Amino acid sequence: MIDPISYEALMSQRAEIMKQSVGLDYSQYETGVIAFDYERLLADTGYDVSTACNIQKRTAVGNTPLIELKNITALVRVAAKPGKGARIFVKDEAANPSGSFKDRRASLSVHEAKQKNFTGVVAATSGNYGAAVASQAAKAGLRCIVVQEAFDSQGIAQPEIAEKTRACEGYGAEVIRLSVGPELFYVFLQVLQETGYFNASLYTPYSVLGIETLGYELAVQVQQQCRVFPDVVIATHAGGGNVTGTARGLRKAGANDTRVIAASVDLSGLHMASDHDFNRKSFTTGHTGFSMPFTTWPDRVDVPRNAARALRYMDRFVTITQGEVFYITQILAELEGLQRGPAGNTSLAAAFAIAQELDEDRIIVVQETEYTGAGKHPFSQLNLAKQMGVQVMRGDPKDNQPGQRIVIPEHPSQITVTDVDLDHIRRSYLHHAMESLHEGERLSDIDIDFLAAETRSSKTYVQEVINALH
Amino acid sequence: MTELIEKDTWVEIQNIILPAGERAPQVPDDTQQVPLEMRVKGFLVEPAALGDEVEIVTPVGRRLRGKLVDVNPAYTHQFGAPIPELSVLGREVRTMLRQRGQLK
Ligand SMILES: Cc1ncc(COP(=O)(O)O)c(C=O)c1O
């Protein structure tokens with residue numbers, strides 16, 4: 001058990017533990033009271049796209065197929081107005097060694113840990129990233145510890161996380177499973193301090209740079225297959241690395257006009273730190289419980305600065321309901337012969353709706369799939385949902401209510417996205433930024449510039465919003 | 001007499017990290033009312049019985065102590081029964097595509 005003194009003592013060493021365990025001194029990148037040199041932080045790692053690609057090749061990460069979903073597109077056109085219904089492609093990231101795009105993130109993190117002579121890596125994650133780190137660590141001969149939030153106070157494991165426990169243990173990792181709560185961070189710090197292992201955080205520069213290859217590859221593949229860059233790329237959005245890395249990779253390939261859309265499952269009304277709600281979410285990532293707090297304030301993480309800064313990169317942010325994602329998962333299997341997991345299918349469900357807004361010759365890329373299996377499957381989630389008293393029914397997705405009712409659409413034309421108001425998100429970000437200021441700190445011109453870049457707005461906008469906050 | 005579990009058996013231990021009522025201030029009431037619990041698997045260091053306070057060696061070689069709660073713990077996550085609301089979808093959409101001449 002933790003005694004309060006050791007808790008305080010550990011928390012006060014937090015900055016030092018972080019610095020040691022990432023081998024990066026973030027303080028040298030600070031340029032203002034809020035501002036830091038984001039581009040230099042990333043560039044100083046030395047991992048440009050081609051270096052990252054070469055490292056990833058050594059463990060068979062990346063170079064995943066791009067597949068046109070012709071039957072799904074045909075179904076979009078059943079629902080769309082004449083002449084509408086863009087072509088939908090998917091990048092089959094499930095083909096990576098541990099079954100998701102997270103291998104891209106883990107490969108650079110583990111490579112970096114090895115370079116810096118760490119003997120092991122630690123990651124705090126209940127998702128695919130744990131398996132990815134464990135897989136990469138196994139290949140690199142490093143020890144691996146994964147800390148998961150895994151079960152509720154009744155001892156009921158979230159099935160998808162149970163599958164990740166199995167996967168991580170399968171790769172020879174130690175898995176620390178915790179019940180619900182943000183104090184996981186304390187346990188994580190303790191492990192870092194005790195072991196001296198590398199913090200393979202999801203939010204280091206390595207973890208985000210590893211995803212640039214995904215955006216880059218898909219731009220090149222679409223260009224080769226279709227002679228143009230994609231019109232739209234949709235990414236399932238949680239902590240922000242997926243959107244950030246993909247968008248940066250697209251730009252590095254020259255796809256500057258491609259619109260980047262972030263998509264999350266709507267879990268509004270459910271509390272992320274609630275023991276009661278934990279097994280009533282039916283999704284473990286790609287949902288608003290992560291994407292809202294992370295988009296409006298990315299630096300709430302296990303490193304001093306989050307390298308995933310999604311608001312800088314999204315042209316649009318949409319939500320989709322749980323039932324719509326389950327619907328599309330079933331359709332993907334039956335019309336395209338692809339059984340894939342829930343997270344990638346979140347952006348596919350959004351693509352199904354957005355394709356109806358666009359002309360038939362337009363190209364939408366769903367930038368990932370993930371593997372599926374026991375626990376990580378609609379049957380597992382919906383059986384648990386029923387057990388927890390959540391109603392599962394056919395109907396209008398508008399009646400879907402997270403934690404209460406999951407509505408499987410009656411017709412594909414009912415699949416729609418809800419736009420998140422980006423102006424609202426920007427204001428919320430700036431509100432958080434002002435709250436982060438300490439007594440007596442004042443924003444400089446550099447800070448205002450930084451906030452404009454962060455919110456993808458202008459200095460005037462930032463000034464106006466900040467003045468209105470007082 | 002309870003049977004002892006052999007040394008080097010793959011087992012699971014449990015610890016209470018924070019008792020109910022002493023959780024972080026920001027957690028909601030329902031979480032505040034339950035303990036923060038930790039479970040880890042590893043190889044048993046000395047023979048012991050379920051419920052004993054024991055030491056394990058984890059796959060990375062760390063030695064951890066806790067209450068012995070499970071022996072060779074099973075992975076019990078599964079698919080379960082098919083979900084009727086999903087099982088009908090393939091037929092529905094194939095019919096739509098056929099009516100449009102998009103499928104044979
Ligand atoms: C398969 C998959 N897709 C998308 C995401 C979301 O990525 P991010 O957290 O970087 O936004 C995750 C992360 O949990 C994931 O595992």
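Which helices of chain A each supply at least two residues of the shell around the ligand? In this predicted model, they are α6 (102–115) and α11 (241–252).

Let's stay with the ligand for a bit. There are 15 residues around it, and Lys102(A), Asn128(A), Ala238(A), Thr285(A) and Glu368(A) come nearest. Sorted by character, the shell splits into three nonpolar, eight polar and four charged residues. Domain 1 (20–54 + 100–205) and domain 2 (65–97 + 215–418) of chain A both contribute to that shell, so the ligand sits between them.

Here are some of the polar pairings with the ligand:

| Residue | Protein atom | Ligand atom | Distance |
|---|---|---|---|
| Arg105(A) | polar side-chain atom | oxygen | 2.9 Å |
| Gly240(A) | backbone N or O atom | oxygen | 2.9 Å |
| Glu368(A) | polar side-chain atom | nitrogen | 2.5 Å |

On its own, the ligand has 390 Å² of accessible area, and the protein covers 94% of that.

Now over to chain B and one particular residue, Glu12(B). You'll find Glu12(B) in strand β1 (residues 10–18) of chain B. Is Glu12(B) buried or exposed? Its relative accessible area is just 2%, so Glu12(B) counts as buried, the cut-off being under 20%. Its side chain reaches across to chain A, making a polar contact of 3.0 Å with the side chain of Arg177(A). Arg177(A) also turns up in the list of residues in contact with Glu12(B), which leaves aside neighbours within four places in sequence. From chain B, that list has Arg39(B), Val40(B), Lys41(B), Lys67(B), Leu68(B), Val69(B), Asp70(B) and Pro73(B).

Conventions. Residues are numbered from 1 along each chain as its sequence is written. Chains are lettered from A and ligands numbered from 1 in the order in which they are written. This is a predicted model: local features need pLDDT of at least 70, side-chain atom pairs count only at pLDDT 80 or more; totals for chains, interfaces and linings use all residues. Side-chain values use heavy atoms; hydrogens and water are left out. A residue is near a molecule or strand if one of its heavy atoms lies within 4 Å of it. A polar contact is a pair of N or O atoms within 3.5 Å; within protein, one must be able to donate a hydrogen and the other to accept it, and residues adjacent in sequence count only if both atoms are side-chain atoms. Accessible areas come from the Shrake-Rupley method with a 1.4 Å probe; for residues, only the protein chains shown count as cover. Helices (H or I, at least four residues) and strands (E, at least two) are DSSP runs, numbered from the N terminus. Ala, Val, Leu, Ile, Met, Phe, Trp, Tyr, Cys and Pro count as nonpolar, Asp, Glu, Lys and Arg as charged, and the others, Gly among them, as polar. Domain bounds come from an automatic or database domain assignment. Buried means under 20% relative accessible area, exposed over 50%, partly exposed in between (1.4 Å probe, protein chains only). Contact means heavy atoms within 4.5 Å.
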